[in-house]
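Open the model in your viewer and keep the selection box handy. We will go from stop to stop, and at each one you will pick something and look at what is there.

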Amino acid sequence: MLTDRETCLTAVRSRDARFDGWFVTGVRTTGIYCRPSCPATPPKARNITFYPSAAAAQAQGFRACKRCRPDTSPGSPEWNVRADLVARAMRLIADGVIDREGVPGLSRRLGYSVRQIERQVRAELGASPLALARAQRAQTARVLIETTALPLTEVAHAAGFGSIRSFNDTVREVFALSPRELRARTSAGAVGARETPEAWHFLTVRLPHRTPLCPDNLFGHLAATAVPGVEEWRDGAYRRTLDLPHGPAIAALQPARDHIRAALWLSDLRDLTVAISRCRWLLDLDADPAAIDAHLGSDPRLRPLVGAAPGRRVPRTVDGPELAARLVLGQQISTKAARTHAARLATAYGQPVDDPGGGLTHVFPRPDALAVATDDTLAMPERRRLTLRGLASALAAGDIDLSPGADWDRAREQLAALPGIGAWTVEGVAMRALGDPDAFPASDLGLRQGMAAVGLPDTGSAAIDASTAWRPWRAYAVQHLWATGDHEINRFPGDPAVAGEQTTTTIRSAS
């Protein structure tokens, strides 16, 4: 985390939004904490204390600023880059593991003792894992208070609080307002679940991100590879089903000027935190585009590509096992054929859903269902059938972890040990499921063509050697190199005229 005081002071004085999520500013004279870009007059340096997380500031008695709402800033990009214990813990906390399984569950998933995890997390974040989960719970409560008409008792339960008292105390402590006062401040509470079928709770949220954000390859890739019935592009939004801990859900994600608009249909409101976390992960919204572009742009071969499309993200996934299975299905066949295979499996083995807003019909099948898929639903060569079943069996048994808290190196080794899974599939999983920013599928045809297009060696060790200058951001270099080809994954989906206009424009905040 960013701890240099002079750098933090400079960011606060210049209201630099690039540092939102890196740290928060506690103002001792007012008792509030802010994001670095807070529009209020910067406080005097002697009255400022910097904290590595909102939870750390809350633990010291500070409440969230009502003007800049630091609890809604993008997450720290640190957790995108690192694979150590603290980073893995933070990704799992964001995915709601503590709310579902407690700190002991977090410990089991990471393979460390509770004491080791608490010590390392507190040393770096200034707060315990439980406090970090509590801060996240408070933000979930705020979203529900402000965007739904749910009774506050139901909000407390959905946000993960064990009692109404703890709900009231936490909201008042963090936001300096009671839940009723928070709801009174917004008119959004008048809409919500009652406008949708009874099976769904509907709400919309803003997903903030650091600018710029290039939507072309991000939404283009997701739309071009969409599995019919599981994903679709409709009315300017990417829509898909989600398999969440308490039931299925649907998300519709649409780019706006400085955020992503997320419309969510949840079968259980307890999954709100997880749904938001997985949508952010899918779109790589916690990335630091300024740092990534500066590093890649220092290479003269990549500089024109980065300059033409700053802020490219890596299109990821909402579910690691799903992505791994789909990559196996797509081995050595066209995108269209891979979509057809995946759709057939989704129809046969996925949980049906009733989509209130479009053409989604199923959740993608879980590994245990794919492990026993019959030959008539696997119209592919025998070797690939065996590979898919072997992968699905290993995932269903828990032998391979592709969750947000996975050990990247260990997951690579375990995948590579399975028959039929080579470097292309392993690096694809590492890049899009595990979120490794340095993943590099060197044998990918589109990547090889991109490297050749910019005058770089495109085969064997020479290609890998040429890529070392881009570390640790090779996965982002891949996006730029893929974009040198004329493929629909590189183009913003929808009407060709709109796509052409969007392709030349990155989404930026007002300066």
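Start by selecting Asp235, in the loop between strand E6 (231–234) and E7. This is a predicted model, and the backbone here is worth a look: Asp235 has a positive phi of about 50°, although it is not a glycine. Most residues other than glycine have a negative phi. Is Asp235 buried or exposed? With a relative accessibility of 70%, Asp235 counts as exposed, because that value is over the 50% cut-off.

For a second example, jump to Arg15, in the loop between helix H1 (5–13) and strand E1 (24–27). Arg15 also has a positive phi of about 50° without being a glycine. Its relative accessible area is 36%, so Arg15 is partly exposed.

**Two unusual peptide bonds**

Stay with the backbone for a moment. Most peptide bonds are trans. Now select Thr211 and Pro212: the peptide bond from Thr211 to Pro212 is cis, with omega near 0°. Pro212 sits in the loop between strand E5 (201–208) and H11. Next, select Arg471 and Pro472, which are also joined by a cis peptide bond, with omega about 5°. You will find Pro472 in the loop between helix H22 (460–467) and H23.

**A covered helix and a pocket**

Go back to H11 and colour it. How many of its residues are buried? The count is 10 of 10, so H11 is mostly covered. Among the buried residues are Pro215, Phe219 and His221.

Keep His221 selected, and add Thr225, Thr335, Trp424 and Asp444: these residues lie nearest the centre of the second largest pocket, which is lined by 42 residues. Several elements give two or more residues to this lining, including helix H11 (215–224), strand E7 (237–244), helix H16 (335–349) and helix H23 (474–482). The pocket has a volume of about 1000 Å³. What classes of residue make up its lining? There are 17 nonpolar, 16 polar and nine charged residues.

**Charged partners**

Side chains of opposite charge can pair when their charged atoms come close. A search of the whole structure finds 35 salt bridges, and here are some to visit.

- Select Arg239 and Glu232. They form a salt bridge, with the closest N and O atoms 2.5 Å apart. Arg239 counts as buried at 3% relative accessibility, and Glu232 is buried too, at 13%.
- Select Asp268 and Arg270. Their closest N and O atoms are 2.7 Å apart in a salt bridge. Asp268 is buried, with a relative accessible area of 17%, whereas Arg270 counts as partly exposed at 35%.
- Select Arg474 and Asp438. In this salt bridge the closest N and O atoms are 3.1 Å apart. The pair links distant parts of the chain: Arg474 belongs to helix H23, Asp438 to the loop between H20 and H21, and they are 36 residues apart. Both Arg474 and Asp438 are buried.

Then select Arg69, Asp71, Arg142 and Glu146 together: salt bridges that share partners join them into one network.

**Looking for disulfides**

How many disulfides does a search of the whole structure find? The result is zero. Select Cys34 and Cys65 to see a pair of cysteines: the sulfur of Cys65 is the nearest cysteine sulfur to Cys34, 3.9 Å away, and Cys34 is in no disulfide. Why does this pair not count? A disulfide needs the two sulfur atoms within 2.5 Å, so 3.9 Å does not qualify. Cys34 is buried, with a relative accessible area of 9%. Now try Cys279, which is in no disulfide either, as the nearest cysteine sulfur, that of Cys214, is 20 Å away. Cys279 is buried as well, at 1% relative accessible area.

**Zooming out**

Finally, deselect everything and view the whole chain. It has 24 helices and nine strands, and its C-alpha trace spans about 65 × 55 × 50 Å along the principal axes. Of its 511 residues, 57% count as buried. A compact globule with 511 residues would have a radius of gyration near 24 Å, so the 23 Å of this chain agrees with that.

Note on methods:
Residues are numbered from 1 along each chain as its sequence is written. This is a predicted model: local features need pLDDT of at least 70, side-chain atom pairs count only at pLDDT 80 or more; totals for chains, interfaces and linings use all residues. Side-chain values use heavy atoms; hydrogens and water are left out. On a 1 Å grid over the protein atoms alone, a cavity is a set of points where a 1.4 Å probe fits but cannot get out, and a pocket is an open set with protein on both sides within 12 Å along at least five of seven lines; lining residues have an atom within 4 Å of a point. Grid points are joined across faces, edges and corners, and a volume is the space filled by probe spheres set on the points. Helices (H or I, at least four residues) and strands (E, at least two) are DSSP runs, numbered from the N terminus. Ala, Val, Leu, Ile, Met, Phe, Trp, Tyr, Cys and Pro count as nonpolar, Asp, Glu, Lys and Arg as charged, and the others, Gly among them, as polar. Buried means under 20% relative accessible area, exposed over 50%, partly exposed in between (1.4 Å probe, protein chains only). A salt bridge is a side-chain nitrogen of Lys or Arg within 4 Å of a carboxyl oxygen of Asp or Glu. The radius of gyration is taken over C-alpha atoms; the globule rule is 2.2 Å times the number of residues to the power 0.38.
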